[in-house]
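Student: I should like to take a close look at a single part of this structure and then see how it fits with the rest. Please go through it step by step.

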Amino acid sequence: MPIPPHSRRTSRTAVAALGAAGLIALGAAPAAFADEAGPELVVGNIAPIDGVKPGSSFDQPVTVANKGTKAADAVWVFYSVTRGLDYSDIPSNCQAHQVPSYDEMTAKSNVVCEFDQAVKPGAVYTPEKPLAIKALSRALNDDLRVSVWDRAPDLDDAATPPVAGTAPAVKLVEGPAGGEGTKDAVDVPVTSVNTADYQVTGAGLKGRVGDTVTLKAKFTNAGPAWVLTKEGDPLLHVLITPPAGTSVVKSDGYCEAEGGAYNCGTGQAWVNEGDGQTYTFQLRIDKQVAGAKGSVALSTEARPFDSDKANDKADITLDVTSGGSTGSTGSSAGGSTGSPANGSGGSADSTTGGAAGPADGSSSTGGSGSSSTAGNGSASTGGNLASTGSSSSTLPIAGAGAAAVAVGAGSILVVRRRRSQGLG
């Protein structure tokens with residue numbers, strides 16, 4: 001489907017790959033290839049973490065092992081969490097920073113701990129006190145990434161300045177071998193017991209035959225949790241059916257025509273609490289149809305976190321006034337059902353500062369934990385899907401949902417501009 005152009009950054013992964021290829025081509029191999037007989041640090045496996053209650057904290061034990069043939073002079077352990085999580089009591093030998101969301105990557109809150117002590121080959125170590133991680137009020141389905149380094153890791157270009165922790169410093173303590181893992185980084189899902197209320201808002205349109213009116217239909221996540229769609233999870237669809245007697249002059253850029261209805265996606269693979277998407281259409285009133293009514297509705301994919309289905313559908317009404325066309329442009333009126341908590345709509349997630357802050361919006365490291373929308377309002381920048389729109393016989397919502405399933409993987413309904421944000 002057509003997607004509005006966006007400013008994009010060059011992939012750091014691609015740049016790194018090109019740089020390594022260039023060095024090899026010149027006969028100068030990177031250090032990792034030049035010195036094979038060196039330290040080989042790995043981090044222990046961490047089981048998925050389930051049933052966390054928002055507002056609570058949990059300790060995350062980590063083991064570090066050296067499977068190489070040479071001791072590491074120092075070790076850095078890198079923690080990274082998505083915006084539903086944060087940290088408590090950061091040790092003074094650790095530094096915290098935030099990375100706001102950009103491109104297809106979610107906002108992250110990171111902590112890098114430096115252990116200035118040798119790690120012997122064949123030995124397994126663990127921090128003498130686990131790093132405490134807390135679940136914020138918006139926590140639901142989050143990610144924790146832990147990686148280990150034998151040098152200070154490079155930070156993202158967009159990272160905020162690192163801030164040292166204030167809790168007592170911790171050291172690595174040697175322990176018994178076993179369960180040390182095989183990778184230098186592990187990704188851990190963290191599931192919290194929380195809900196998020198997805199809801200839609202319709203519109204009331206008014207005009208004369210021949211007028212072109214603006215329809216703004218909204219999807220909102222009223223929270224309290226933010227929702228991160230994981231790989232393999234069903235995508236959100238918003239199904240919009242214009243009122244009978246109208247035709248679509250201009251459709252929203254995140255929507256595809258399917259019969260007399262439109263199947264709409266979202267701007268990101270996540271939606272923050274209080275945020276959402278506004279879909280803007282230009283409709284021409286072709287004729288007066290008694291009782292003409294359209295709708296905006298969420299598709300029926302399973303959403304275990306959302307038990308309130310009463311606000312999953314709303315009407316789009318049309319009042320055709322008497323008299324011929326004056327050539328004027330109509331407008332949308334308020335009178336809608338299923339009003340969301342946040343009427344701003346807009347694209348799902350554009351955070352600034354440290355998006356992963358504590359419940360009061362501030363980060364434990366001094367970065368802002370609030371999120372603000374960028375480019376909100378209409379998510380469309382002009383999808384030019386001219387259509388005859390809806391006639392006196394509109395496509396039922398169930399039919400539109402079935403059509404969405406039939407489209408399958410060939411229809412890209414979400415701008416899934418994902419890349420790995422891990423530094424490992």
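Student: How many bridges join strand 21 to strand 22?

Tutor: Strand 21 (residues 255-258) is joined to strand 22 (residues 261-264) by four bridges, and the two strands run antiparallel. Before going further, please note that residues are numbered from 1 along each chain as its sequence is written, and that side-chain values use heavy atoms, with hydrogens and water left out. The model is predicted: local features need pLDDT of at least 70 and side-chain atom pairs count only at pLDDT 80 or more, while totals for chains, interfaces and linings use all residues.

Two terms are needed at once. Strands (E, at least two residues) and helices (H or I, at least four residues) are DSSP runs, numbered from the N terminus. Two strands pair if DSSP finds at least two bridges between them. In general, strands of a sheet pair through backbone hydrogen bonds, either parallel or antiparallel.

Within the part you asked about, Ala257 of strand 21 has Tyr262 of strand 22 opposite it. The two strands form a hairpin with two residues between them. One residue of the turn, Gly259, has a positive phi of about 70 degrees.

Strand 22 also pairs with strand 19, in the antiparallel sense, over three bridges. There, Cys264 in strand 22 is the bridge partner of Val238. Strand 19 pairs as well with strand 25 (residues 293-298), again in the antiparallel sense, over four bridges, and Leu239 has Ala297 in strand 25 as its bridge partner. Strand 19 (residues 238-241) is covered on both faces. Val238 and Ile240 on one side, and Leu239 and Thr241 on the other, are all buried. Buried means under 20% relative accessible area, exposed means over 50%, and partly exposed lies in between (1.4 Å probe, protein chains only).

Let us now turn to other sheets. An open sheet of four strands has the order 15-17-24-20, with antiparallel pairing. Its edges are strand 15 (196-201) and strand 20 (246-250), each with a single partner strand, so one side of each has no neighbour in the sheet. Neighbouring strands here are turned by 30 degrees against each other on average, direction ignored. For such angles, axes are lines fitted to C-alpha atoms, for helices over the stretch in contact, and angles run from 0 to 180 degrees between N-to-C directions. Inside this sheet, nine bridges pair strand 17 (residues 212-224) with strand 24 (residues 276-285) in the antiparallel sense; Gly276 in strand 24 is the bridge partner of Thr220.

Another open sheet has three strands in the order 3-10-6, with antiparallel pairing. Strand 3 (57-60) and strand 6 (85-88) stand at its edges with a single partner strand each, so one side of each is left without a neighbour in the sheet. The average turn between neighbouring strands of this sheet is 40 degrees, direction ignored. Strand 6 is joined to strand 10 (residues 131-135) by four bridges, and Asp86 stands opposite Lys134 in strand 10.

Next comes the interior. A nonpolar core is a set of buried Ala, Val, Leu, Ile, Met, Phe, Trp, Tyr and Cys residues joined through side-chain atoms within 4.5 Å. The largest such core has 36 residues, and those touching the most other members are Val62, Val75, Val77, Tyr79, Tyr87, Val111 and Val146. Strand 5 (residues 75-82) supplies the largest share of this core, four residues. A second, separate core of 32 residues includes Leu215, Phe219, Leu283 and Ile285.

Val146 lies in strand 11 (residues 141-149) and counts as buried because its relative accessibility is 0%. Not counting residues up to four places away in sequence, Val146 touches residues including Val62, Val77 and Asp184; contact means heavy atoms within 4.5 Å. Val146 and Asp184 are 38 residues apart in sequence, yet their C-alpha atoms are 8.4 Å apart in space.

Finally, consider the whole. The protein chain has three helices and 27 strands, and buried residues make up 49% of its 424 residues. Of the contacts with a separation of 6 or more, 84% join residues 24 or more positions apart.
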